[in-house]
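Student: I'd like a close look at one part of this protein. Could you pick a charged pair, start with how well it is covered, and then work outwards from there?

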Amino acid sequence: MPLPLSIARRYLFSKKSHSAINIVSLISVCGVAVGTMALVVVLSVYNGFRGVIEGLFSNFDPQIRIESAEGKYFQPDSVQKVLQMAEVDLYSYVIQENALLKFKDKQLPVTVKGVDGNYDTLTHISDIMVRGEFSLHEGNFKKAVTGATLASNIGSGVYIFDPIILYAPVREGKISMLRPDKSFHEELVYPAGSFLVRQEKYDNTLIIVPIEVARSLFEYGTEVTSVDIKLKDGVSERRFIKEAQKMLGTGYEVNDRYAQQQDFYRMMEVEKWITYLILMFILMIAIFNIIGSLSMLMIEKQEDVKILSNLGMRRRDIFRIFLGEGALITISGVAVGIILGLLICWLQAEFGMVTMGSAGSFIVNAYPVEVKALDVLVIFVTVSILGFVSSAYPASQVLKNNNNSDL
């Protein structure tokens, strides 16, 4: 161990003539530890909530989605070369447009999503059904499933005799001013159940119907608005998207689940790191205690500094003693804080000590946590750098005050 660091370690753990210095040093370590612990816990909770949301979206959003980059719809034949790739397990044609829903005396604008028979297998929508079941056909009846909030707003249950009526305007050029009632297409479907994704754009306005109902309602022929794809197990999504995008060119967009919900995930990421910055400002206040601790230590060790200078120690090495003292305080606090933070996260993950209220009120009963190594590394590096910078100022006074030898 280098001599300056060895002396710094002795100064840190040895008893001082003034107990206040020991107390201030201990407060500095504790302040850094508590701040670091808070950073680990808070970022892990954000990661946990993101994991919960990703789990909900993965039940509804397809693994891969192909959409037109230049228009609303496209011919599915134009993407057949991608659908025939060996990595593709299942695919489903989708038509999605806006329409007017009428159920009994209730009318609401909705988003109609027409899907084919593969959709239930391609996604895990059956896992998030809260009423009824995912079923789009029953004999000659066309059925539909709706978002849970939409079902509540219109008062629909799993009824057979009360149909949902969907209206969509005829395409441009076919509107009759003499017969306005002939200016709309009309389709009947029967409620089969409702699902809960816990996102407004799905739960509040979405209704899923058979694709043939959507084709008739919106006057679509063979066109689709998207193709949803499920890959075989073990296939790299990133590599598949890169190859598919290269095959289709710039006229199409090939997106994974993250890209499909890009705005939502970006917002969560921004919130996470804004919280990180706020906690870092709070931590900086605790780190500034290091300045006071080193300043008091330097006053006490003035005689030691003179003796070391007379023995031939260079000012640079004396500077390193006090810089090392501040670094040891910081590293000790960071190490203790990370250990405590990881321990709290483990206890929360195993036992759910901090709950979110009464059981069943939220998606999960206790705050979810997920520790990521990158977050821990960022915390360690950032706090260490702040501690080093805070230690450099008081330690640099040695270079100004001691003129017995040259650098």
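Tutor: Let's start with Asp228, which is buried, with a relative accessible area of 0%. Keep in mind that this is a predicted model. The cut-off for calling a residue buried is under 20% relative accessible area, so Arg65, at 13%, is buried too. The side chains of Asp228 and Arg65 meet in a salt bridge, with 3.1 Å from N to O. Asp228 sits in strand β10 (residues 226–231) and Arg65 in strand β1, so this pair ties together parts that are 163 residues apart in sequence. As a rule, side chains of opposite charge can pair when their charged atoms come close.

Now stay with Arg65 and look at the space around it. The largest pocket has a volume of about 430 Å³. It is lined by 19 residues, and Arg65, Glu67, Gln96, Thr111 and Lys201 are the closest to its centre. Where does the lining come from? At least two residues each are supplied by β1 (64–68), β2 (88–103), β3 (106–115) and α6 (200–203). The largest share, 3 residues, comes from β2. Sorted by character, the lining of this pocket has 4 nonpolar, 8 polar and 7 charged residues.

From β2 and β3, step to the loop between them. Lys104 lies in that loop and Asp162 in the loop between α5 and β7, so their pairing ties together parts that are 58 residues apart in sequence. The side chains of Lys104 and Asp162 meet in a salt bridge at 3.9 Å, N to O; the cut-off for a salt bridge is 4 Å. Asp162 is partly exposed, with a relative accessible area of 27%. Gly155 belongs to the loop between α5 (148–154) and β7 (164–169) as well. The C-alpha atoms of Gly155 and Lys104 are separated by 8.9 Å, although the two are 51 residues apart along the chain. Gly155 is partly exposed, at 39% relative accessible area.

Go one residue along from there and you meet a cavity. A search of the whole structure finds 1 cavity of 30 Å³ or more, and the largest cavity holds about 40 Å³ of space. Its lining consists of Arg131, Thr146, Ala151, Ser156, Gly157, Pro191, Gly193 and Ser194. Strand β8 (residues 184–195) gives the most to that lining, with 3 residues. By character, the lining of the largest cavity divides into 2 nonpolar, 5 polar and 1 charged.

Back to charged pairs for a moment: the structure holds 8 salt bridges. One of them joins the side chains of Arg50 and Glu54, at 3.0 Å from N to O. Unlike a link between distant parts, this one stays within helix α2 (residues 19–60), where Arg50 and Glu54 are 4 residues apart, about one turn of the helix. Arg50 counts as buried at 15% relative accessibility, whereas Glu54, at 32%, counts as partly exposed.

Finally, for contrast, look at a nonpolar part of the surface. Val336, Leu340, Leu343, Ile344, Trp346, Phe351, Met353, Val354 and Tyr367 form a patch there, with about 850 Å² of accessible area together. Ile344 lies in helix α13 (residues 315–351), and at 32% relative accessibility Ile344 counts as partly exposed.

Notes: Residues numbered from 1 in each chain as written. Predicted model: local features only at pLDDT ≥ 70, side-chain atom pairs only at ≥ 80, totals over all residues. Heavy atoms only, no water. Patch = residues over 30% accessible without salt bridge, like charges linked within 9 Å, V, L, I, M, F, W, Y side chains within 5 Å. Areas by Shrake-Rupley, 256 points an atom, 1.4 Å probe, with all protein chains shown as cover. Buried < 20%, exposed > 50% of the residue type's maximum accessible area, 1.4 Å probe, protein only. 1 Å grid on protein atoms, 1.4 Å probe; cavity = no way out; pocket = protein on both sides within 12 Å on 5 of 7 lines; lining within 4 Å. Points joined across faces, edges and corners; volume = space filled by probe spheres on them. Nonpolar A, V, L, I, M, F, W, Y, C, P; charged D, E, K, R; others polar.
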